[in-house]
Amino acid sequence: MRPKTGLEPKAMETHPERHPEARRRAACAVLAVVLAAGASCARYTPRHTPASVAPPATLEAVTLPAAPAPAPAPATDLTLEELLRLAVARNTAVEVSAYDVHIAAQAVPEARAAFDPTLSATVRYGERNTPGTAGANQTAATTTGAGAVAGPAGTEGLTAALTAVQTLVTQLSRVYGAVSEPSVVVDHTATSSAGVTISWPQPTGTIVSVSGDYAASDSDGAAAEYSGSWTVAVTQALLRDFGTDVNLVALRQAKNAEAIAGLAFREQVLGLLNDTESAYWELALARRTLDIRRAGLTLAEEQLARTDAQIALGKLYGKARVSAEAEVAAQEAALRAAEAAVEQRATDLWLLVNPEDTAADTASFGDIALPDPPAAECDFARSAALARVFRPDLGQARLATANGDLSVLAARNGLLPRLDGFVSYGLNSQGTGSGAWSSSLDDRTYEAFEAGVNFEMTLGNRAEKARLERARLQVRQAEARVRHLERSADAEVRAAVTEVQSQRAQTAAARKEAAAREEALAVASESFRLGRSDSLDVLQAQRDYIAARVSEATAVARSLQALSALHRAEGTLAARHGIVLETLEEDL
């Protein structure tokens, strides 16, 4: 601390500008940190903008790409199981839904992050100028000045005169200094500090932390002081947030949400498999119908030829040919419709399977035939029991109930007051030397110990009580949803079993009818050959026979589709075709 009286030379002045170089260095350091932080910030380049996705104003403004050359149809003589696997692997809707599972899975490590250790560090440097006090020095100077004049004895009058003059000069000097430039005394202090803390929360409600600190202070007129310390602290929740049950709520809910997303994906895959198998049997039915229509056209043409022969022999009138020609035209129209149906069913299956490098109009699936439906009996009790285990929607509802239970647990925890016990232990070091901050950090003489409790309670706790009641109501709602879905599943399975049994009965009846119609056609044809019946009888028998064949094929396809729908209702469709979806494993 240096006083300024106004009479000293200018070089003795002490102002804040006495450390401009240090401040410039500090400013440059701060600027460098800001620039480095700005350079490390994430950059964003928009993939799409409102202008880029806006449709053109006119059709002429659109530049369409050249149509690619059609790819040759690959050999795709695949079985139903292979086509189902292709559908799961290549269907674009399944690909989109698969991301939902991966997105939901990210909530698990996010919840685990609540127990990750945290490292925090702080480094500080500062300078401070504060006003000082010059009263004591000025008083000393005044006293010294007043007693500076002395003389031998007998000269008291002269001494008194000189003392008065000196006092007057001193007072005038003070007045001049106060008017021209006031006295300024500046205390300059420089401080620096650093601290590091590692905190690690545990699922038990415990927080373990380790910290270390360093500090230095240098002031004008005083020796620099240095200090350092390290501390280990443990904080344990004793009421609220105590134990793993409460602290793992978020993690368990995240894992349940991941499983719910996986079950939703499984449900969509089951729907895809059912749609693909149904489309497969539709294509098989369309091809079987096309073969039947070709046979029907052949029969109509053969009957037309026999009619011409009978007319040539004079056994029939010429008008009989009109009916035969009309039948040929009708069968040709039915054949063209069957060909179009085959192409449409192939396109439908292509959209589900989505084979690579194949256009819809060139899709080919090889030979697909309608097999005989399995003869296994359908048992409602067994199918209902399988549905309780395999149906994804029931699994989702049950996990939602489990998440509700966890929410109730968390709400009950919120009703508890907060009571945390803490204890800490550490060592300190302090001194005036540059190494004094660490010289005693291993000396237990300078230890520090602290223990205590923190208590906090919200009076009334109305918000937490409302959360608890809401969580309980949501659990009851989830339980009611499970019961509703179980009953709906039973009804769906029962309807599916009934449909399978009905279609099997219709298939058996259709086969009997087709056999009878074939026999009737043979009788009518023989009677026409012998001249005992006319051409109309044969044509009607042919129509009945073709219709019975189509009905038989349709009944077989519907029976196979009904069986697939039953397996879909059970939730066992993927397992019955040997398709294993990834399962979620518990690791808690």
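These legends walk through several close-up views of one predicted protein model.

The model is predicted, so local features need pLDDT of at least 70 and side-chain atom pairs count only at pLDDT 80 or more, while totals for chains, interfaces and linings use all residues. Residues are numbered from 1 along each chain as its sequence is written, and side-chain values use heavy atoms, with hydrogens and water left out.

**View 1. The whole protein, with 16 helices and 6 strands**. Helices (H or I, at least four residues) and strands (E, at least two) are DSSP runs, numbered from the N terminus. Of the 588 residues in the protein, 32% are buried. Here, buried means under 20% relative accessible area, exposed means over 50%, and partly exposed is in between (1.4 Å probe, protein chains only). The protein exposes about 35200 Å², and carbon and sulfur atoms supply 58% of that area. Accessible areas come from the Shrake-Rupley method with a 1.4 Å probe; for residues, only the protein chains shown count as cover. Among contacts (heavy atoms within 4.5 Å) with a separation of 6 or more, 81% join residues 24 or more positions apart.

**View 2. A nonpolar patch on the surface**. Look for Leu119, Val196, Ile198, Val210, Trp230 and Val232, which together have about 500 Å² of accessible area. Patches are made of residues with over 30% relative accessible area and no salt bridge; like charges are joined within 9 Å, and nonpolar side chains (Val, Leu, Ile, Met, Phe, Trp, Tyr) within 5 Å. Strand S2 (186-201) and strand S4 (225-237) each supply at least two residues of this patch. Val196 lies in strand S2 and counts as partly exposed because its relative accessibility is 42%.

**View 3. Helices H4 and H9 packed together**. Which way do H4 and H9 run relative to each other? Helix H4 (residues 92-105) and helix H9 (residues 249-312) pack at an angle of about 170 degrees, with their axes 8 Å apart. H4 and H9 are therefore roughly antiparallel to each other. The contact includes Ala93, Val94 and Ser97 of H4, and Ala257, Glu258 and Ala261 of H9. Axes are lines fitted to C-alpha atoms, for helices over the stretch in contact, and angles run from 0 to 180 degrees between N-to-C directions. Angles under 35 degrees count as roughly parallel, over 145 as roughly antiparallel, 65 to 115 as roughly perpendicular and the rest as oblique.

**View 4. The buried residues of helix H3**. In helix H3 (residues 80-90), the buried residues are Leu80, Leu83, Leu84, Leu86, Ala87 and Val88. They pack against H4, H9 and helix H10 (320-353).

**View 5. Pro417 and Asn413, with their contacts**. Pro417 lies in the loop between helix H12 (392-415) and strand S5 (418-431). Is Pro417 buried or exposed? With a relative accessible area of 18%, Pro417 is buried. Leaving aside neighbours within four places in sequence, Pro417 is in contact with Leu239, Arg240, Phe455, Glu456 and Met457. The C-alpha atoms of Pro417 and Asp241 are separated by 9.8 Å, although these residues are 176 residues apart along the chain. Asn413 is found in helix H12 and counts as buried, at 9% relative accessibility. Not counting residues up to four places away in sequence, Asn413 touches Leu239, Arg240, Asp241, Phe242 and Val246.

**View 6. Salt bridges at Glu486**. A salt bridge is a side-chain nitrogen of Lys or Arg within 4 Å of a carboxyl oxygen of Asp or Glu, and by this rule the count comes to 23. The side chain of Glu486 meets that of Arg388 in a salt bridge (3.9 Å, N to O). Arg388 lies in helix H11 (residues 380-390) and Glu486 in helix H14 (residues 462-529), so the pair ties together parts that are 98 residues apart in sequence. Glu486 also meets Arg398 in a salt bridge (3.5 Å, N to O). Because Arg398 lies in helix H12 and Glu486 in helix H14, this pair ties together parts that are 88 residues apart in sequence. Glu486 is buried, at 18% relative accessibility, whereas Arg388 is partly exposed at 33% and Arg398 is partly exposed at 34%.

**View 7. A salt bridge within helix H14**. Glu513 forms a salt bridge with Arg517, the closest N and O atoms being 3.8 Å apart. Both residues lie in helix H14, 4 residues apart, which is about one turn of the helix.
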